[in-house]
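Reader: I am new to protein structures, and I would like to understand how the words used to describe one are justified. Could we go through this one together, step by step?

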Amino acid sequence: MPSGPPNLIGAWTKVGTGTMTVNATTGAVSVAPAGDDTATVARQQIATEIGKTYWLTYELQTSAQMWRTLGTAAGQGDIIGVNVSTVPQTKLQFTATTTSIWLDFARTAINTTTVGNIRLEEAPAGNPAARRLDGRNNYFSFDGAAGS
């Protein structure tokens, strides 16, 4: 069974006065703000190819919400605007307009929050994916040949 496109998620950088931890085994990212009304951010820059379509998928693993931003510059939400993750599983699609994007997960209010199963991958051409379950995609393509 093919493993699918590679995960483009790399190393996270912490921005702000709180703490950020990355689980070395699962890759889950936890953000704990300092309680001083400033954001604590887990941020990374990811290389992309202009004109290609990408999928960002992740799971909210705590009851506290996590803010997410996807942009062409650090902290900017011009690709996918600032939004709060309130559902357990999220899948977003975008087409790259620059050679890199910036992904931020942030928290300002009290309480630690965690997101996991984070994947950024190039969308395979001609193979729409079914809903992501347990960090895996199921790919389908229909064979229109007679007798199939």
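**Reasons behind the words**

Author: Let us begin with Asn111, which has a relative accessible area of 48% and is partly exposed. Please keep in mind throughout that this is a predicted model.

Reader: Why is Asn111 called partly exposed?

Author: A residue is called buried under 20% relative accessible area and exposed over 50%, with partly exposed in between. Asn111 has 48%, and therefore it is placed in the middle class.

Reader: What makes the phi of Asn111 worth a remark?

Author: Most residues other than glycine have a negative phi. Asn111, which is not a glycine, has a positive phi of about 90 degrees, and its place is in the loop between β9 and β10.

Reader: Which class of exposure does Asn117 belong to, and what is its phi?

Author: Asn117 has a relative accessibility of 31%, and because partly exposed covers the range between 20% and 50%, Asn117 counts as partly exposed. Its phi is near 50 degrees, again a positive value in a residue other than glycine, and Asn117 is found in strand β10.

Reader: How do you know that β5 and β8 are paired?

Author: Two strands pair if there are at least two bridges between them. Seven bridges join β5 (residues 53-60) to β8, so the condition is met. The two strands run antiparallel; among the facing residues, Leu56 has Leu92 of β8 as its bridge partner, and Glu59 stands opposite Gln89 in β8.

Reader: Why is β8 called an edge strand?

Author: Five strands form an open sheet in the order β2-β3-β10-β5-β8, with antiparallel pairing. The edge strands are β2 and β8, because each pairs on one side only. From one strand to the next, the twist averages 25 degrees.

Reader: What makes the side chains along β8 an alternating pattern?

Author: In β8 (residues 89-95), Thr90, Leu92 and Phe94 point to one face and are buried, whereas Gln89, Lys91, Gln93 and Thr95 point to the other face and are not buried. In a regular strand the side chains alternate between the two faces of the sheet.

Reader: How confident is the predictor in this protein, and where is the pLDDT below 50?

Author: The pLDDT averages 83, and 79% of the residues score at least 70. Over residues 139-148 the pLDDT is below 50, although this stretch has 14 contacts in the model beyond near neighbours in sequence. Where pLDDT is low, the predicted coordinates should not be read in detail.

Notes:
Residues numbered from 1 in each chain as written. Predicted model: local features only at pLDDT ≥ 70, side-chain atom pairs only at ≥ 80, totals over all residues. Heavy atoms only, no water. Buried < 20%, exposed > 50% of the residue type's maximum accessible area, 1.4 Å probe, protein only. Helix = DSSP H or I, 4+ residues; strand = E, 2+ residues; numbered from the N terminus. Axes fitted to C-alpha atoms, helices over the stretch in contact; angles between N-to-C directions. pLDDT = per-residue confidence, 0-100. Contact = heavy atoms within 4.5 Å.
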